[in-house]
Structure formats: structure tokens, C-alpha cells
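The following note sets out points for a colleague's consideration. Each point takes up one part of the model.

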Amino acid sequence: MATAVTEPPRDTTPRGRRRTGATPRRLPYLLIAPAGLLMLGFIAYPVLSVFYYSLQHYNPTKPWRNGFAGLDNFTEIFTADPHFWGTLTFSLKWVVVEVTLQLLFGLVLALIVNQTFAGRALGRALVFSPWAVSGVLTSAIWVLLYNSQTGITRYLADLGIGEYGTSLLSDTGTVFWAAIVADLWRGVPFFAILILADLQSIPRDLYEAAEVDGAGRLRQFFHITLPHIRDAIVLSTLLRAVWEFNNVDLLYTLTGGGPAGVTTTLPLYIAETSVDAHDFGYASALTTVAFVILLFCSIVYLRLSKFGGDSK
């Protein structure tokens with residue numbers, strides 16, 4: 001008995017429609033391709049060029065010395081540079097003090113504006129507004145505030161505190177904390193914004209259940225609030241630490257690295273080496289060292305903080 005052969009069903013979908021059916025899957029990549037190529041050109045090329053010039057002697061004002069340097073620039077950094085270790089130490093001090101204080105004040109402000117009170121919208125706007133101000137404009141504002149003739153020190157002298165004509169930015173004993181306060185004004189809102197966003201995502205039922213169980217405000221903060229905002233704190237401190245390490249605009253405008261170079265950070269030293277001394281090869285080597293330091297510290301910090309893991 002012959003077995004009937006069943007013919008497979010014929011695809012009745014038009015050929016043109018089958019070709020266009022795959023297009024929607026590729027469409028997002030096609031749309032972001034121009035932006036991706038631009039980012040590749042404006043980010044990848046400068047980074048790779050820095051690595052290249054770090055192995056070169058490149059100074060446009062001394063072309064007879066230009067050429068391949070190998071590891072000579074890095075050897076000079078760690079063994080013969082009289083400014084590298086001092087600027088690196090100050091950079092680490094600047095980052096630790098700034099990020100710690102910004103985190104503490106930002107956390108307090110976020111907890112305050114997360115409460116319900118009259119004028120909360122206006123209060124949030126005032127708290128967050130300094131973050132919208134550029135670093136150069138922030139420096140200009142605080143230069144006026146620290147002016148010895150028209151600034152804070154004159155009014156303090158009128159009250160009998162200090163002397164007339166003194167400037168907080170020209171004294172090696174006060175310039176560090178004067179710069180810290182200026183950058184705090186701008187940096188605290190960053191922490192407040194990120195932490196407030198996480199605070200608003202915490203279910204109120206958890207606090208109500210804790211109150212029923214007799215937990216006070218302090219226990220609620222450590223057992224409910226802090227675990228929920230842990231990832232936000234880790235991420236914000238990492239981002240802010242990287243930004244503060246690379247801070248050039250505020251310190252350059254506010255102090256210029258002075259007085260006597262006591263506020264010169266490593267990025268500011270790099271800027272002076274490249275822009276003022278035109279030694280782009282050595283500046284590129286310094287930039288490469290700074291990149292490796294930031295990369296290593298970021299990886300260690302994320303591992304130790306267990307970012308994205310269980311907060312319990």
C-alpha cells in the first residue's frame with residue numbers, strides 16, 4: 001500500500017515582508033550607530049593617543065628632543081620627579097575629605113527634604129540648585145566671597161575676628177579648608193539628589209511595621225533606610241571620588257595650585273605640565289599613571305563594597 005507524501009506547508013508570506021521583518025530588530029542599532037561612531041572618535045581616539053604619547057618625548061617647543069622614549073617618562077615620574085608624590089598625596093587627601101563631607105551633608109539634606117513639611121518643593125529647589133552651577137562660576141562666586149576687601153574676612157574683621165586685608169586663599173593654613181567649603185557648596189546636592197531618589201523608593205509599610213514592633217528612629221535608619229540606599233551611596237561616592245580626583249576647574253580658578261603649590265593636585269600638575277611647559281609626552285605619562293590609579297581603586301572599592309549584591 002502506497003504511503004501518501006505530505007507536502008510541507010508553503011510559506012505564503014510575501015518575500016518583501018520577510019526581508020523587512022528583520023529590519024525592526026536592527027533598527028535600534030542603526031539609529032544609535034552615528035552617535036556610537038562619534039563617541040568612538042571623540043573618546044577612544046584621545047585615550048589611545050594619550051597612551052601613545054606617554055611613550056614619546058613630545059614637546060613642540062623642543063622638536064630636536066622628540067622621539068620614542070619607551071618607559072623613560074614613567075621612570076622619571078617614580079624616581080626623579082620632585083612634584084609627583086606631593087601632588088598625588090594632596091589629591092588623595094582632597095578626595096577623602098571632600099567625598100566624606102559631601103556624603104554626610106548630602107545624606108542629612110536628603111533625609112530632611114524627604115520629610116513632609118510646608119514649602120518642601122521650594123526647599124528641594126534651593127538644596128539642588130548649586131549642582132546646576134558650573135565649576136568656573138562656583139569659583140568666581142567664592143573668590144568674591146573670600147575677597148580681602150569685600151568678602152567674608154572684612155565682615156569678620158568688623159566683628160573683631162581676624163585682621164583687615166587678610167585672605168583665606170593666600171594663607172597656607174586656611175586655603176585648604178577654604179577650597180573644601182567652596183567645593184562642598186557645589187558637591188553636596190549631588191549626593192542629596194541620588195540618595196533622595198532611593199529614599200522615595202522605600203515602601204512605607206516597612207517603617208509602619210517597624211514602629212509596631214517598637215523600633216525607634218535610629219534602629220529604623222540602620223536596619224531599613226541604610227540597607228536600601230547602600231547601592232546609591234556606593235555608586236555616588238565612587239563617581240564623586242573620580243570627579244574630585246580629576247577636579248581642575250575649581251582649584252585652578254580659586255587658588256591656581258597655590259599658595260606655594262600646597263593645593264596642586266595631580267590633574268592640575270598635569271595641566272601645568274602640558275599647557276604651560278608644553279611637555280605633552282611627560283604629561284601623557286602622568287595621565288596614564290592617574291588612569292591606572294583610578295581604575296585600580298575603583299575595582300577594589302566595588303569589590304569591597306559588594307556593589308549590586310545582597311545588602312544583608
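1. How does Phe51 count: buried, exposed or partly exposed? The model is a predicted one, and in it Phe51 is a residue of helix H2. Because its relative accessibility is 31%, which lies between the limits of 20% for buried and 50% for exposed, Phe51 counts as partly exposed.

2. Phe51 belongs to a nonpolar surface patch of about 1,100 Å². Other members of the patch include Leu38, Met39, Phe42 and Ile43, together with Phe291, Val292, Leu295 and Ile299. Helix H2 (23-53) and H13 each contribute at least two residues to the patch. The largest share, 7 residues, is that of H2.

3. Turning to the interior, the largest nonpolar core comprises 36 residues. Ile77, Phe84, Ile195, Ile229, Phe245, Leu266 and Leu286 have the most contacts inside this core. Two or more residues come from each of several helices, among them H3 (72-79), H4 (84-113), H8 (175-199), H10 (217-245) and H13 (280-305). H4 gives the largest share of the core, 8 residues. As a general matter, nonpolar side chains in soluble globular proteins tend to be buried together.

4. Which residues does Phe245 touch, leaving aside those up to four places away in sequence? Its contacts are Leu88, Ser91, Leu92, Val95, Leu266, Pro267, Ala290 and Leu294.

5. A second core, separate from the largest one, has 17 residues. Trp142, Ala178, Ile180 and Val188 are included in this second core. Trp142 is also one of the buried residues of helix H6 (residues 135-145), along with Gly135, Thr138 and Ser139. These buried residues line one face of H6, because they fall within an arc of 100° when seen down the helix axis. The cover over them includes H8 and helix H11 (249-254).

6. Leu137 is likewise in helix H6, but Leu137 is partly exposed, at a relative accessible area of 45%. Its C-alpha atom is separated by 8.7 Å from that of Leu250, a residue 113 places away along the chain.

7. Helix H3 may be read in the manner of H6. Its buried residues are Asn73, Phe74 and Ile77. They lie on the same side of H3, because the arc they cover around the axis is only 95°. Of these, Ile77 also appears among the residues with the most contacts inside the largest core.

8. How many salt bridges does a search of the whole structure find? The number is 2. In one, the side chains of Arg230 and Asp231 meet with an N to O distance of 3.6 Å. Arg230 counts as buried at 18% relative accessibility, whereas Asp231, at 28%, counts as partly exposed. Both values should be read against the 20% limit below which a residue is called buried.

9. The other salt bridge joins the side chains of Arg240 and Glu244, at 2.9 Å from N to O. Both of these residues are buried. Arg240 and Glu244 are separated by about one helical turn, because they are 4 residues apart in helix H10. In general, an α-helix has 3.6 residues a turn, so residues three or four places apart point the same way.

Technical notes: Residues are numbered from 1 along each chain as its sequence is written. This is a predicted model: local features need pLDDT of at least 70, side-chain atom pairs count only at pLDDT 80 or more; totals for chains, interfaces and linings use all residues. Side-chain values use heavy atoms; hydrogens and water are left out. A nonpolar core is a set of buried Ala, Val, Leu, Ile, Met, Phe, Trp, Tyr and Cys residues joined through side-chain atoms within 4.5 Å. Buried means under 20% relative accessible area, exposed over 50%, partly exposed in between (1.4 Å probe, protein chains only). Contact means heavy atoms within 4.5 Å. Patches are made of residues with over 30% relative accessible area and no salt bridge: like charges are joined within 9 Å, nonpolar side chains (Val, Leu, Ile, Met, Phe, Trp, Tyr) within 5 Å. Accessible areas come from the Shrake-Rupley method with a 1.4 Å probe; for residues, only the protein chains shown count as cover. A salt bridge is a side-chain nitrogen of Lys or Arg within 4 Å of a carboxyl oxygen of Asp or Glu. The arc is that of the directions from the helix axis to the C-beta atoms.
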